[in-house]
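Good morning, everyone. Today I would like to talk about charged side chains and how they pair, so please have a look at the model first.

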Amino acid sequence: MINNDILRRLRYILNTNNQKMLQLFDAGGLVISESQLMTWMKREDDEGFEPCPNASLAHFLNGLVIDRRGQNESSPLDAEVELNNNLILRKLKIAFDLRSEDILRLLKLADFRLGKAELSAFFRRETHKHYRECKDQILRNFLTGLRKELRP
């Protein structure tokens, strides 16, 4: 999935406006203008579309974690330069305070079956022998399940 699509989906799931989106970016340590946000909200085939960089999405996700869970003074969140679906899923899990059972339930809402062992493989270190890459289909179905739960 492209970062712009993730931003659009999260904006819809959170039912938020431009100002709140800008606040989430700011909480994550990135100050952007409303016009920059609007170029990231456009679809790929729209005029003025600009791809959202990985670091910017990481700042947004960190801001979402801080907004929903509070600031952790002992270990501040750093925005990753390289972002993958596993990190995105992990940050969303933290932001929405989800356990493995909750994620499996959300995937089931999107008519996608996944085992608990398969899910835990997404949250392992890349060097672990049972690490598994989270594919776009899984992240897309997770966001669909989250949308169905939060915006029925």
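Does Asp102 count as buried or exposed? At 14% relative accessibility, Asp102 counts as buried, where buried means under 20% relative accessible area, exposed means over 50%, and partly exposed lies in between, with a 1.4 Å probe and protein chains only. Before going on, I should say that this is a predicted model, in which local features need pLDDT of at least 70 and side-chain atom pairs count only at pLDDT 80 or more, while totals for chains, interfaces and linings use all residues. Residues are numbered from 1 along each chain as its sequence is written, and side-chain values use heavy atoms, with hydrogens and water left out.

Asp102 forms a salt bridge with Arg105, their closest N and O atoms being 3.4 Å apart; the term stands for a side-chain nitrogen of Lys or Arg within 4 Å of a carboxyl oxygen of Asp or Glu. The two residues are 3 apart in helix H6, which means about one helical turn between them, and Arg105, at 35%, is partly exposed. Helices, I should add, are DSSP runs of H or I with at least four residues, numbered from the N terminus.

Another salt bridge joins Asp67 and Lys20, with the closest N and O atoms 2.9 Å apart. This pair links distant parts of the chain, since Asp67 is in helix H4 (residues 54-69) and Lys20 in helix H2 (residues 18-27), 47 residues apart. In the whole structure, the search finds 9 salt bridges.
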